[in-house]
Amino acid sequence: LPENFPVTGEMVNPLLCRGLTIEQEMQEHNVYICDLSEIMDGLLCIEGTYCAAPLCLLYVTPAKRTIPIAIQLKRKPARDNPIFLPTDNWFDWLLAKIYFSSANAQHHQVCSHYIPCHAVMEAYNIATMRTIPDAHPLYKLLRPAFRYTIAINSQARKILVNDGGIIDALFSVSKNQLMERCNERYNVHWSNIKRN
């Protein structure tokens, strides 16, 4: 586990179903970490909201359900940043899951969905339509996938990602900052791929 997420066996071993320790469960690939702390840390919150930069320890049960077993809401461990567990007060655990889910949804909508599936694919769509002949097999393969991309993106820019749009109304973090941070990570990701 990362140093900034000091979960101990004492905390989570009683929550595990197979009678194994957390280390053994990790070796069996039954434990995963969802770390949103790096990308969400330091983003400005919209006034009146709380912005989490969470880490979540997820456990795959014998029934193949993935459940959270530990959540930390800020990047750096501290006295005012406890690790929440299912054994805590039910309301505290519920709030921790809500804050994690909110950060996860915001990250997903911008970083995992909008940028790679819409913003980037629009450029590929335009390049395909401008440079590949209609009779080319690659054009025929891509055309159905690109059919509505530009129309969907146009609507998204009008009502979803515009200033004062749906994302501004629903997100607790600054949309522009989150997009900037995601773009930085996206560029680093593609730079690493090009080098290899």
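Strands β1 and β2 (residues 55-60) pair up in the antiparallel sense, over five bridges. That pairing is a handy way into this structure, which is a predicted model. From there we'll look at the rest of the sheet, then at helix α4, which lies across β1, β2, β3 and β4, and finally at two buried residues, V12 and E122.

**The sheet**
- β1 and β2 belong to an open sheet of four strands, laid out in the order β1-β2-β3-β4 with antiparallel pairing.
- At the edges sit β1 (31-35) and β4 (83-84), each of which pairs on one side only.
- For a single pair to look for, try V31: its bridge partner in β2 is Y59.
- In general, strands of a sheet pair through backbone hydrogen bonds, and they can do so in a parallel or an antiparallel way.

**Helix α4**
- α4 covers residues 90-131, so to speak a run of 42 residues.
- From its first C-alpha to its last, α4 reaches 58 Å, close to the 62 Å expected at 1.5 Å a residue.
- There is a bend along the way: α4 turns by about 55° at Y114, and the proline P116 follows within four residues.
- At the N-terminal end, N89 acts as the cap of α4, with a side-chain oxygen 2.7 Å from the backbone nitrogen of F91.
- Against the sheet, α4 runs at about 95° to β3 (66-72).

**V12, in helix α1**
- V12 is found in α1, which spans residues 9-12.
- Its relative accessibility is 0%, so V12 counts as buried.
- Setting aside residues up to four places away in sequence, V12 touches V7, I22, L57, I69, A70 and L85.
- V12 and T87 are 75 residues apart in sequence, yet their C-alpha atoms are 9.3 Å apart in space.

**E122, in helix α4**
- Back on α4, have a look at E122, which lies in that helix.
- E122 has a relative accessible area of 14%; buried means under 20%, so E122 is buried.
- Apart from neighbours within four places in sequence, E122 is in contact with T149, I150, N153 and R157.
- With R157, E122 also makes a polar contact: their side chains are joined at 3.0 Å.

Methods
Residues are numbered from 1 along each chain as its sequence is written. This is a predicted model: local features need pLDDT of at least 70, side-chain atom pairs count only at pLDDT 80 or more; totals for chains, interfaces and linings use all residues. Side-chain values use heavy atoms; hydrogens and water are left out. Helices (H or I, at least four residues) and strands (E, at least two) are DSSP runs, numbered from the N terminus. The expected span of a helix is 1.5 Å times one less than its number of residues. The bend at a residue is the angle between axes fitted to the seven residues ending there and the seven starting there. A polar contact is a pair of N or O atoms within 3.5 Å; within protein, one must be able to donate a hydrogen and the other to accept it, and residues adjacent in sequence count only if both atoms are side-chain atoms. Two strands pair if DSSP finds at least two bridges between them. Contact means heavy atoms within 4.5 Å. Axes are lines fitted to C-alpha atoms, for helices over the stretch in contact, and angles run from 0 to 180 degrees between N-to-C directions. Buried means under 20% relative accessible area, exposed over 50%, partly exposed in between (1.4 Å probe, protein chains only).
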